[in-house]
Amino acid sequence: MADLSAKVGSLDFATPVIAASGTYGYGLEFDGLVDWTGFGGVSVKGISSEPCDGLAAPRMVETPAGMLNAIGLQNIGVEAFLSDKLPRLSSLPIRVIVNVWGNSPEQYEDVVERLGDADGIDAIEVNLACPNRKEWGTIFACDPKLVATVTARLRKKTRLPLWVKLTPNVSDITEPAKAAAGEGAEALSLINTLRGMAIDPESRRPLLSNTTGGLSGPAIKPIGLLMTYEASRAVDVPVVGGGGVASGRDVAEYLLAGASAVQVGTVNLFDPSAPHRIGRELDRFLDEQGVAAARDLVGALEAPAG
Ligand SMILES: Cc1cc2nc3c(=O)[nH]c(=O)nc-3n(C[C@H](O)[C@H](O)[C@H](O)COP(=O)(O)O)c2cc1C
């Protein structure tokens with residue numbers, strides 16, 4: 001067996017495989033249904049100050065090698081999360097990452113403050129990258145200045161490790177990456193979904209009630225790899241990579257590109273045991289390659305052949 005342990009800033013993980021926010025509920029729904037071995041952690045559905053109903057249905061549509069979603073960050077709100085979810089979630093044998101969002105810097109501060117330094121939270125992941133919030137006007141993570149402002153303000157509000165989640169909807173990922181790292185992000189998570197749309201040609205209508213949504217799944221893996229590669233070379237904080245991961249081999253690719261850990265999203269929607277399977281596949285891949293530890297792959301990409 002290979003050593004699967006991973007390190008992201010100050011946190012050690014049993015494996016580099018983390019279930020991505022929005023694709024694993026609040027984590028505990030799956031307790032008793034899945035084998036937690038192979039999981040490094042779960043990032044819970046994005047939490048806001050107040051409960052949020054999200055957008056109207058239809059909110060998901062399949063696309064070639066992926067899907068579009070426009071959930072609109074539906075969640076139960078920070079108070080219910082702390083009282084109804086966190087106590088049981090924190091007893092599971094996995095790291096707990098709490099993904100948060102707001103419609104303004106003040107709302108981000110409010111949710112982070114109310115999470116406090118609650119027992120059982122290992123890190124806060126700040127989602128600055130949702131493509132489905134009309135209230136934002138633009139995706140916050142498209143604007144490096146806004147990334148810097150929100151990161152700096154939140155850094156003062158918690159002692160927990162702060163991960164900042166970035167969007168691929170930019171021409172140069174290194175700019176927001178440097179902005180977050182420069183203001184105290186302990187790690188960067190990338191990528192969130194890419195903006196997209198789907199149309200029914202018979203009805204001549206968009207397939208999502210929101211018209212546009214976020215593209216995820218295997219279709220976006222080459223973009224996630226590129227952004228992980230570029231961001232991890234531009235900053236000296238760890239990158240938690242992801243986008244389209246569905247196998248242990250995919251995890252190895254992200255580690256080679258420079259990720260210290262890897263998020264697994266869309267595949268969970270049709271196979272909630274995917275992180276367990278992917279952890280086992282990574283182990284087998286490392287054994288086959290004669291690699292002693294997953295960490296040995298981080299950033300170990302070789303120059304192109306020829
Ligand atoms: C249905 C759905 C809901 C999501 N909700 C969130 C969310 O609340 N917060 C967040 O930061 N990312 C959210 N994401 C983005 C994922 O965490 C992940 O970054 C993205 O889907 C790319 O990974 P994948 O291709 O493996 O799905 C969501 C994705 C999907 C498919």
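Thr211 sits in the loop that links strand S13 (205-206) to strand S14 (212-216). In this predicted model, phi of Thr211 is near 70°, a positive value for a residue that is not glycine. Thr211 counts as exposed because it has 12 C-beta neighbours inside 10 Å, and 12 or fewer is the limit for that class.

**Backbone geometry in the loops**

Most residues other than glycine have a negative phi, and most peptide bonds are trans. Leu73 has a phi near 65°, again a positive value outside glycine. Leu73 belongs to the loop between strand S6 (66-69) and H1. Is Leu73 buried or exposed? Leu73 is buried, because 23 other C-beta atoms lie within 10 Å and the class begins at 20.

Two peptide bonds are cis. The bond from Ala57 to Pro58 has omega near -5°, and Pro58 is placed in the loop between strand S4 (41-43) and strand S5 (60-63). The bond that joins Leu190 and Ile191 is also cis, with omega about 15°. Ile191 is part of the loop between strand S10 (187-190) and strand S11 (194-197).

Another loop, between helix H1 (78-89) and strand S7 (95-100), holds Pro93. Pro93 has 8 other C-beta atoms within 10 Å and is therefore exposed. From Pro93 to Ile71 the C-alpha to C-alpha distance is 29 Å, with the two positions 22 residues apart in sequence numbering.

**Gly196 in strand S11**

Gly196 is a residue of strand S11. With 19 other C-beta atoms within 10 Å, Gly196 is partly exposed. Leaving out residues up to four places away in sequence, Gly196 touches Leu68, Thr212, Gly213 and Leu215. Gly116 is 80 residues from Gly196 along the chain, and their C-alpha atoms are separated by 35 Å.

**The nonpolar core**

The largest nonpolar core contains 96 residues, and Ile124, Trp163 and Leu188 have the most contacts inside it. Helix H6 (residues 248-257) gives the most to this core, contributing five residues.

Which residues does Trp163 contact beyond its neighbours within four places in sequence? They are Ile97, Ala123, Ile124, Glu125, Val126, Ala185, Glu186, Ala187, Leu188, Ser189 and Val240. Two of these, Ile124 and Leu188, are named with Trp163 among the residues that have the most contacts inside the core.

**Helix packing**

Two packed helices are described by the angle between their axes and the distance between the axes. The table gives these values for three pairs.

| Helix pair | Angle between axes | Axis distance |
|---|---|---|
| H2 (residues 105-115) and H3 | about 30° | 10 Å |
| H3 (residues 144-155) and H4 (residues 174-182) | roughly 20° | within 8 Å |
| H5 (residues 221-234) and H6 | about 30° | 8 Å |

The axes of H3 and H4 cross at roughly 20°, which makes H3 roughly parallel to H4. The crossing of these two helices is right-handed. On the H3 side the contact involves Pro144, Val147, Ala148 and Thr151, which meet Glu175, Pro176, Ala179, Ala180 and Gly182 of H4. By class, the contact has six nonpolar, two polar and one charged residues.

H3 also packs with H2, at an angle of about 30°. Angles under 35 degrees count as roughly parallel, so H2 and H3 are roughly parallel to each other. H2 passes H3 in a right-handed crossing. The residues of H2 in this contact are Pro105, Tyr108, Glu109 and Val112, and their partners in H3 are Thr149, Val150, Arg153 and Leu154. The contact of H2 with H3 comprises five nonpolar, one polar and two charged residues.

H5 and H6 pack with their axes 8 Å apart, at an angle of about 30°. H5 is therefore roughly parallel to H6. Here Lys221, Leu225, Thr228 and Tyr229 of H5 meet Asp250, Glu253, Tyr254 and Ala257 of H6. Sorted by class, the residues of this contact are four nonpolar, one polar and three charged. H6 is also the helix that gives the most to the nonpolar core.

Definitions and conventions:
Residues numbered from 1 in each chain as written. Predicted model: local features only at pLDDT ≥ 70, side-chain atom pairs only at ≥ 80, totals over all residues. Helix = DSSP H or I, 4+ residues; strand = E, 2+ residues; numbered from the N terminus. Core = buried A, V, L, I, M, F, W, Y, C linked by C-beta atoms within 7 Å. Contact = placed C-beta atoms within 7 Å. Axes fitted to C-alpha atoms, helices over the stretch in contact; angles between N-to-C directions. Parallel < 35°, antiparallel > 145°, perpendicular 65-115°, else oblique. Left-handed = near helix turned anticlockwise from the far one by under 90°. Nonpolar A, V, L, I, M, F, W, Y, C, P; charged D, E, K, R; others polar.
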